[in-house]
Amino acid sequence: MKIDGRDTRTIWLERDRESVGIIDQTLLPHQFATVRLQTIEDAAHAIRSMQVRGAPLIGATAAYGVWLALRADASDENLERACAVLLATRPTAINLKWALDEMTASVRNRPRAERAAAALRRAGEICEEDVAINLAIGRHGMKLIEDAVARKNGTRVNVLTHCNAGWLATVDVGTALAPVYLAHDNGVQVHVFADETRPRNQGASLTAWELGRHGVPHTVIADNTGGRLMQHGQVDLVIVGADRVTAQGDVCNKIGTYLKALAAADNKVPFYVGLPSPTIDFAISDGLSEIPIEQRGPDEVARVAGKAEDGRIMSVQVVPDGSAVANYGFDVTPARLVTGLITERGVIAASRDGITRAFPERAGNRDKMML
Ligand code: MRU
């Protein structure tokens, strides 16, 4: 995507070819700053502290993290240690494990002297693959938006999205927002309702920022507003991203997604999920019982960060001293509430059959998964 006219990705190999650049997303939308990752510890910290976030970008960062580790020490022990450290950073997004499996496979049977170069190559490929996949998701999903425009006799289509599954959550282009960007770029009238997405407000801070930078009309809404908008016919389709999708099509995504799916079902609003195939966990079926849900620190709920009137960035407490706080990062939307999965191979049913037909080679391979 372009920032101030310059093509920008969320992660890149620096010119010195010894470090990796990222955008520090904890500072957005008020400050744009980049960070240089030089060690595996830097990469693990970037994921843990959410300088980078979003399932595909977490995977890409972990891939470069393995390279940074092997540059320092290419032994089997260090490879294992690096994968364990990175895997422990964020438990829910399966793209992390997928990327570590890919990296391990690319170096395991090579002599130590070749491992760092092979890891760098594979990390770069993972990034390029992510961009190609997201463009394909965009092409398939754009058709859904065009169909909605046709149903509305050419008037503007309203898409509701939750959290941030745009280009900031990926290497580039985005997953849920890819169809929106492609539609917008092709002159289709599309407007986005962006859920603010408490507690971290990725919708208000990141989705609104990137849509605005690209010139896509959008409105930020409080999380509880979507149901009302749907009851009044103001949402034509919901498109969200995913952090993990099971073999039977259950969708794990940012906390609050499930409530939007319920409201969509009650109001007959199509509910789509944009995802790249590395987000599918073929090893599990029942999302509710089998997906580990990250529980995060209380401050994200108890406090809100933002820009004060004098321009200072500050964090303020919004709950009384002493109140207990719970902070679940994700929830699971059962497959029955999902109209379709927008993947790089087309829009498919959120069912075991739909997923297996679209990705037979991975569905059949699940017993071979490593780590
Ligand atoms: O906790 P985050 O910010 O890493 O959560 C990721 C998300 O933004 C979403 O859940 C997203 O919809 C899936 S990632 C494309």
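This passage walks through the ligand site, two buried residues and one covered helix of a predicted model.

The ligand is a good place to start. Its space is the largest cavity in the model, and 18 residues make up its surroundings. Arg-53, Arg-90, Asp-243, Asn-253 and Lys-254 are the ones that come nearest. Helix H2, spanning 55-72, puts at least two residues into this shell, and so does strand E11, spanning 251-254. Polar atoms meet the ligand in several spots. On the side-chain end, a polar atom of Asp-243 sits 2.6 Å from a ligand oxygen. The backbone takes part too, with a polar backbone atom of Asn-164 lying 2.8 Å from an oxygen of the ligand. For Asn-253, an N or O atom of the side chain is found 2.6 Å from a ligand oxygen atom. As for cover, the ligand on its own would expose 400 Å², and the protein buries 100% of that.

Next comes Thr-197, which belongs to the loop running between strand E7 (190-195) and helix H7 (202-214). Its relative accessible area is 0%, so Thr-197 counts as buried, the cut-off being under 20%. The side chain of Thr-197 reaches over to the backbone nitrogen of Cys-163, at 2.8 Å. Beyond its sequence neighbours up to four places away, Thr-197 touches His-162, Cys-163, Gln-202, Gly-203, Asp-223 and Lys-254. Lys-254 has already come up, as one of the residues that come nearest the ligand.

Asp-281 tells a similar story from a strand. This residue is part of E13, which covers residues 280-281. With a relative accessibility of 4%, Asp-281 is buried, because that value falls under the 20% cut-off. Setting aside neighbours within four places in sequence, its contacts are Ile-94, Arg-244, Val-245, Thr-246 and Ala-247. Leu-168 is another matter: 113 residues away along the chain from Asp-281, it has its C-alpha atom 22 Å from that of Asp-281.

Last up is helix H6, residues 178-185, which is mostly covered, with 6 of its 8 residues buried. Those buried residues are Ala-178, Pro-179, Val-180, Tyr-181, Leu-182 and Ala-183. They pack against quite a list of elements: helices H5 (112-151) and H7, along with strands E6 (157-161), E7 and E9 (237-240). E7 and H7 are the two elements that flank the loop of Thr-197. After H6 comes Gly-187, which has a positive phi, near 85°.

Methods. Residues are numbered from 1 along each chain as its sequence is written. This is a predicted model: local features need pLDDT of at least 70, side-chain atom pairs count only at pLDDT 80 or more; totals for chains, interfaces and linings use all residues. Side-chain values use heavy atoms; hydrogens and water are left out. Helices (H or I, at least four residues) and strands (E, at least two) are DSSP runs, numbered from the N terminus. Buried means under 20% relative accessible area, exposed over 50%, partly exposed in between (1.4 Å probe, protein chains only). Contact means heavy atoms within 4.5 Å. A polar contact is a pair of N or O atoms within 3.5 Å; within protein, one must be able to donate a hydrogen and the other to accept it, and residues adjacent in sequence count only if both atoms are side-chain atoms. A residue is near a molecule or strand if one of its heavy atoms lies within 4 Å of it. Accessible areas come from the Shrake-Rupley method with a 1.4 Å probe; for residues, only the protein chains shown count as cover. On a 1 Å grid over the protein atoms alone, a cavity is a set of points where a 1.4 Å probe fits but cannot get out, and a pocket is an open set with protein on both sides within 12 Å along at least five of seven lines; lining residues have an atom within 4 Å of a point. A molecule sits in a cavity or pocket if more than half of its atoms lie within 2 Å of its grid points.
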